[in-house]
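Let us take a walk through a protein model together. Have the sequence and the picture side by side, and follow along one step at a time.

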Amino acid sequence: MLQQIQNRAGEFVRGVSRRARAYRARTDDEALLFHAAAGFTTLLTFVMFFAGSEWTVIPLLAFVAVIVVGWQRQQAEVAMGLTFLTTIVTVSILTLIIGFLLWESMAIVEHMGLGVFTRIEKPLWTPSEGGVYSLTPMMMGTALTTLVATAIAAPLGIAGAIFISEMAPPTVREVVKPGIELMAGIPSITYGFIGLTILNQYFYTEFRTPTIGSYFAAGIMIGLMALPTIVTVAEDAISTVPESMKSGSLAMGSTEWQTTKSVTLPAALSGVSAAVLLGVGRAMGETMAATVMLSHTKGFPSPAFDVFSNYGETLTTVIAFEGASASGIHLSALFAGGVVLFFMVMLFSVTSQWIEWRMHRKLGGDQ
Amino acid sequence: MSNAADTELRAGYTTLGRQVALPVLGLAFLTFLATWVTTFQWIDESRTVLGLTVLTVFGVALLLMAAGVAGIGVLSRFGYIDTTPSPTAGLPVGIVFGTLWAAIGMAVSFQYLGNTVLSWGPVALVMGAVGLLTATLPREDIGSTVPSALLLAVLGGLIVAGVFDASWVYEAEWTGAIFPGSELIPLLVSGATLLGAWSAGKAKEGFGAQGREAGAFYIIATVVFSMLSVLALLIWFIVKNGLDTFLTGASLTGGHLNVPFTGLSFPFVEVPFVTNVTGSLFVETPGVMPAVVGTLWLVFGAVLFAVPLGVGAAVFLTEYAEQGRFTQVVEVATNGLWSTPSIVFGLFGLAFLVPRISGGNSIFVGQLVLGFMLLPLVLITSRESIKSVPDEYRDASAALGVSKWQTIRSVVIPAAMPGTITGVILGVGRIAGETAPLLLVFGGAPYPSASPNVVGQFSFSTEPPFITNQALLEPASALPYQLYSTITAGVFPRPEIYSNQEFGWGTALVLLLVVLGLYAIGVASRLYFRRKLHYE
């Protein structure tokens, strides 16, 4: 094991030094100077901004000056350096997000221990200095709404994807596909407003839910919102299946549906499940519809699967609802909620990417 | 399968099965529509048709469908109808029916025998097994018609007999909510019609492979049709409820279009709801002007931030970097950014940007945070479109002795521009409707009385940072934020003009118009460029 790590590290160091030598060999001294100056001023700008200095503008201006002069003298090299810089910035934004989430949630973990993620006895949430903060009911709420949403979005989404890619005549497809994409474009707050004024009222008057707003109603709306994601990604996966596989099956005399069911879908299965995972991730991170529709009462429904109970709070809604007015340890607890949310969604996203990547490799992809 | 080849080919060919199946399908479709119309309360469930209440009509329809479906199945089994059934309906069908029967058994015994696993478990298990076996053991023509006919008949019979009627209530043990028959029956019936349509669809094509294809088609087409109807309903709700507010005081020629620098003025369309401020006592019609301006500034700033970064990174990744560990890391990071929940971006802005830039909510931080959210989309789409620039272009350019950077600048980027622009427009449509991060880093007064004046507020000084813009460092309103604050504020400040909900619907309509307009432009430009690429 240790040997393996040593080998890996050695390989890495050799790779880096090889690249460094190659870089040195094709970059002349002047270009090197510009690269170094641009890199240094960027770093300085970031450090001073991070420290909150009011003099941040000085290195920023220096950076601009370096770029302007460099653009006149060494355009190609400076352009390449700039594109490299933008790549680094993209990666560092994600790093910064993770870093800040973890850093800001340290205080609540010091205060509550791991109880912030596991405590199930009352009191659960008393927002005051030195109060009790437990994220468990919100995790429960997120799980319930996500389950309802997935139960709606996964079957409908897969059916939609099959319809678009395998069944629909071209003219119908031209209408349905942009229609579904349009559905993805409707802002979540609009879904929330419709859910609040129509769906919540409907469940309250007809099904006499204990409060206006329930996990079930919010789950339905979130499911509708996750639907386009699943349809689009699953449709992509289904159309990745090589035409030759389908033609082979059709040439054997099987019907379109037999081909879809026994050839296309099994071949695209991993891609379709990646689509569902991505949809689940979207449903989990969905904020506004749930914030507007739920009652913001924290607690555990009994039995646990009672989606019509008077409790209604998820990880996203608690952050959106209390974030603007929270401070101190209360805010730190919300950051801890953000950490849970971020890593759960990231888990789903990375898994689905990995599945997709494997599928592309298996089918030869279309690159 | 002896006559599989000649079923469709003879002109005017019908069988008894087809003649029965088609009306059943039609009946199923109509009933399906009617159940949803009832659920949405466009028809009250107590209304009577031909002396029967709507629910009873549903029951009769189910019984008719059951009779038709079972009839075809039995006639086919005894050879009176020409069909091509398989030996069995197949395990998936069996599992579906088994689950349905088990669920019925569970629901009934839960209610009457008590809620311990010991009491409802065995009942559910036995019923499930019965459902599974009755569907899989007989030949396909029986296996896929009689079990579903049985379900339809039981439900229809209970409704017609009056056991299930509008006043019947299912009071579940496991929840505080109740399920009144007036709402539950249409839902059950709509599920049952799907089952009936599936059976009738199979029967219409004479079972076998053709039949299964038809059955699957009817189910999936219904699902997709319902999905699109939901979309249409959503949009219709907003338009119907928002139009009145939106058009208050509007006229075709009441406004003025001032041509700058010439002093000329033309009559123009006037929509006060869009051009007036929200919170002032001096306007006749409160409007959403500050929110519209706020959204425009947000989008402008986000694009200004994200597009250079995203396109630059895409160029580096496709043109300069070796495909390897580094590009993989960037790819994972990009997809990670793309799937990060929007509220997490808000938290990040709150922790990192707010204390360092403005010390409170501000337009500038809002622009940056939305820019972070736009960045991965710009990167992904422009990377795709740079990749799809044919290598011949690059080779031709290199063969002329043009340097790599010149090639990128004058060949690759122009060729990739259409795809990038489309991606940016679609991304802008997405962030223009984004609300969650704005709650944490951007939003100000719920009913602003003035639009943010960014252009007029630049000031220079000898102190660092030399250029400041007070308007950018202050909170403002944006359309989605306006809708949220209208929802949460409860009472509109001038209730004699708009109720809170009316103002909300109007705001939602403006927001929808902005976002869908951007989407329409994005989708249209994609179609346009795709055609151009294909036909050139």
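We will go from the whole chains to their contact, then to the interior, and end with a few single residues.

Keep in mind from the start that this is a predicted model. Begin with chain A, which has 15 helices and zero strands. Its C-alpha trace spans about 75 × 70 × 45 Å along the principal axes. How does its radius of gyration stand against that of a compact globule of 367 residues? The globule would come near 21 Å, but chain A has 26 Å. Of the 367 residues in chain A, 47% are buried. The chain is divided into domain 1 (2-104) and domain 2 (136-363), and the C-alpha centres of these two domains of chain A are separated by 38 Å. You can also ask how the chain folds back on itself: among contacts in chain A between residues at least 6 apart in sequence, 75% join residues at least 24 apart.

Now turn to chain B. Here you will find 18 helices and eight strands. The radius of gyration of chain B is 32 Å, well over the 24 Å that the globule rule gives for 536 residues, so chain B is more spread out than a compact globule. Computed along the principal axes is how you might picture a box around it, and for the C-alpha atoms of chain B that box is roughly 95 × 70 × 55 Å. Buried residues account for 45% of the 536 residues in chain B. Chain B, too, has an assigned division, into domain 1 (4-89 + 138-225) and domain 2 (289-495 + 507-535). Both of these domains are written as two stretches of sequence. Between their C-alpha centres lie 50 Å. For contacts in chain B with a separation of 6 or more, residues 24 or more positions apart account for 74%.

Next, look at where the two chains meet. The contact takes 82 residues from chain B and 82 residues from chain A. Which part of chain B gives the largest share of the side that touches chain A? That is helix 8 (residues 208-246) of chain B, with 17 residues. On this side of chain B, the residues divide into 60 nonpolar, 17 polar and five charged.

Let us move to the interior. In soluble globular proteins, nonpolar side chains tend to be buried together. In this model the largest nonpolar core has 188 residues, and those with the most contacts inside it are A:Met221, A:Leu227, A:Ile230, A:Ala234, A:Ala289 and B:Leu347. Helix 10 (residues 289-320) of chain B gives the most to this core, with 18 residues. A second, separate core has 36 residues, including B:Leu62, B:Leu155, B:Ile185 and B:Leu195. To see packing around one residue, find A:Ile230: leaving aside residues up to four places away in sequence, A:Ile230 touches A:Ala153, A:Ala154, A:Gly157, A:Ala275, A:Val276 and A:Gly279.

A single helix is a good place to check a rule with numbers. Helix 3 (residues 91-113) of chain B has 23 residues, and at 1.5 Å a residue it should span 33 Å; its end C-alpha atoms are 31 Å apart, which agrees. Within helix 3 of chain B, the buried residues are B:Val93, B:Gly94, B:Phe97, B:Gly98, B:Trp101, B:Ala102 and B:Gly105. What do they pack against? Their partners are helix 4 (117-136) and helix 6 (146-160) of chain B.

Finally, visit three single residues. Most residues other than glycine have a negative phi. A:Arg208 is not a glycine, yet it has a positive phi of about 45 degrees. You will find A:Arg208 in the loop between helix 9 (188-206) and helix 10 (215-240) of chain A. Is A:Arg208 buried or partly exposed? With 14 other C-beta atoms within 10 Å, A:Arg208 is partly exposed, because being buried takes 20 or more. A:His296 has a positive phi of about 60 degrees and sits in the loop between helix 13 (288-293) and helix 14 (315-322) of chain A. The third stop is B:Glu384, in helix 13 (residues 363-387) of chain B. B:Glu384 and B:Ala416 are 32 residues apart in sequence, and their C-alpha atoms are 8.7 Å apart in space.

Terms used:
Residues numbered from 1 in each chain as written. Chains lettered and ligands numbered in written order. Predicted model: local features only at pLDDT ≥ 70, side-chain atom pairs only at ≥ 80, totals over all residues. Helix = DSSP H or I, 4+ residues; strand = E, 2+ residues; numbered from the N terminus. Expected span 1.5 Å × (residues − 1). Buried ≥ 20, exposed ≤ 12 C-beta atoms within 10 Å, placed from the backbone. Contact = placed C-beta atoms within 7 Å. Nonpolar A, V, L, I, M, F, W, Y, C, P; charged D, E, K, R; others polar. Domains from an automatic or database assignment. Core = buried A, V, L, I, M, F, W, Y, C linked by C-beta atoms within 7 Å. Rg over C-alpha atoms; globule rule 2.2 N^0.38 Å.
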